[in-house]
Amino acid sequence: MAPMHPLVPILAGLLAAASAADARADEAPLPAPTYRGEFVVPTGLKLSGSEFGGISGLDYDPESETFYAISDDRSERAPARFYALKLALSEKGIGTLDIAATETLENADGKPFAAGAIDPEAIRIDAKRRKIYWSSEGDGAGRPQIFAAGMDGRAERSFDLPEAFLPDAGGTRGIHENLAFEGLAISPDGTTLYAMTENALVQDGDKATFEAGSRSRLLAIDLRTGKPGAEYVYETDRIPFRPKEEGGSADNGVSEMTALPDGRLVTVERSYVAGVGNHIAFYVVDPKAGEAIGEGTAAADVAPLKKTQWFKIDEGDFGGLDIDNIECLTFGPEIAGERSIVIASDNNFSRHQKTQFVLFTFKKGD
């Protein structure tokens, strides 16, 4: 046997270390979830003449053991609103769903929003301050907005947004239509509100395609001052499948996010492809470890946040789950020693879709 070169053990050690690092990078950022069950509300259910549906944001308040869900009805079927929900959760799934209250969202004048004047998409509960934060993809002029309101929906303030997010007359700046703030999250210390666009701003690039993802922007807002702060790039996945028929609809974008206790964010990427169905992917990112967009810096020149997939749902996964248009994610109460998450779908007020609440649990870990 030939003598071993002195560098071989060193190289072997380095390769082993690199392989271990790669393995750790490929590990899921959270324990794998267990599917527990779903609860479906059929399209067309009415409460006091107001149709229930369009659920586009969901959050859980542990103090009152209540879920709050916002509807994306643009005050066209009824005044823009959110709901207080009671869900009976257990290892066996979601036993019952009780719509405990309906609250009207008010404008700065203390009145319901006029038809078409708002497009509610996301909601987060600030339990400490006893208020809600909610986002709109566009007012009557197509400008995105983020609001603070009381738990009864009474307007308290709207946050100033950086000019980069606001559409200009020439169509060279701001959000793509209907691709604005789909997700909100509050940092664990209660000091920062994060808002994420569904796809890139016009000046940052294209919408997601079959070949490439889209460079969404993540905005941090200081809740102590109300001022916008750092911005980051989050690159979505490309559209994962092609339609069964040429010219069929297909998209992919960030439809929701929420915060973990350690400050990382869980994002939801929702894709729909005609003839194939829905594909939902859950990722974890850490904005504290990311590169912020500097003043005068183009988003194209900034490295996107590193994201790691937690899990995904395709049609028929988890024992035949018929997944719909998932736009909501919240952590719920502890169930049998495990953490719970509830996701929910926007039925678009369509008889071909459903309002779907789905329960998962996962081990709390170390």
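1. A good place to start is the contact pattern: of the contacts in the protein with a separation of 6 or more, 57% are between residues 24 or more positions apart. Please keep in mind throughout that this is a predicted model.

2. On the overall fold, the secondary structure comes to 2 helices and 22 strands. The radius of gyration is 21 Å, close to the 21 Å that the globule rule gives for 366 residues, so the protein is as compact as a globular protein of that length. Taken along the principal axes, the C-alpha atoms fill a box of roughly 85 × 50 × 50 Å.

3. Turning to burial and surface, 51% of the 366 residues are buried. The protein exposes about 16,500 Å², and 49% of that area is supplied by carbon and sulfur atoms.

4. For the charges, I would note 37 positive and 58 negative side chains. The centres of these two sets lie 3 Å apart.

5. Two backbone spots deserve a look. Ser75 is a residue other than glycine, yet its phi is positive, near 60°. Ser75 sits in the loop between strand S5 (66-71) and strand S6 (81-90), and with 9% relative accessibility Ser75 counts as buried.

6. The other spot is Phe349, which is not a glycine either but has a positive phi of about 55°. Its place is the loop between strand S21 (339-345) and strand S22 (354-362). Phe349 counts as buried, at 12% relative accessibility.

7. The aromatic side chains are worth some of your time too, as the structure holds 17 aromatic pairs. One of them joins Tyr35 and Phe318 in a tilted arrangement, 6.3 Å centre to centre with 50° between the planes. Tyr35 belongs to strand S1 (residues 34-42) and Phe318 to helix H2 (residues 317-320), so this pair ties together parts that are 283 residues apart in sequence. Tyr35 is partly exposed, with a relative accessible area of 25%, and Phe318 counts as partly exposed at 29%.

8. Phe318 also pairs with Phe311: the ring centres are 6.4 Å apart and the planes stand at 90°, so the pair is edge-to-face. Whereas Phe318 counts as partly exposed, Phe311 counts as buried, with 7% relative accessibility.

9. Finally, which residues form one aromatic cluster? They are Tyr35, Phe282, Trp310, Phe311, Phe318, Phe331, Phe360 and Phe362. If you open the model at Phe318, the tilted pair with Tyr35 and the edge-to-face pair with Phe311 are a handy way into this cluster.

How values were computed. Residues numbered from 1 in each chain as written. Predicted model: local features only at pLDDT ≥ 70, side-chain atom pairs only at ≥ 80, totals over all residues. Heavy atoms only, no water. Helix = DSSP H or I, 4+ residues; strand = E, 2+ residues; numbered from the N terminus. Rg over C-alpha atoms; globule rule 2.2 N^0.38 Å. Buried < 20%, exposed > 50% of the residue type's maximum accessible area, 1.4 Å probe, protein only. Contact = heavy atoms within 4.5 Å. Areas by Shrake-Rupley, 256 points an atom, 1.4 Å probe, with all protein chains shown as cover. Lys, Arg positive; Asp, Glu negative; His and termini not counted. Charge placed at Lys NZ, Arg CZ, Asp CG, Glu CD. Phe/Tyr/Trp six-rings, centres within 6.5 Å; stacked < 30°, edge-to-face > 60°.
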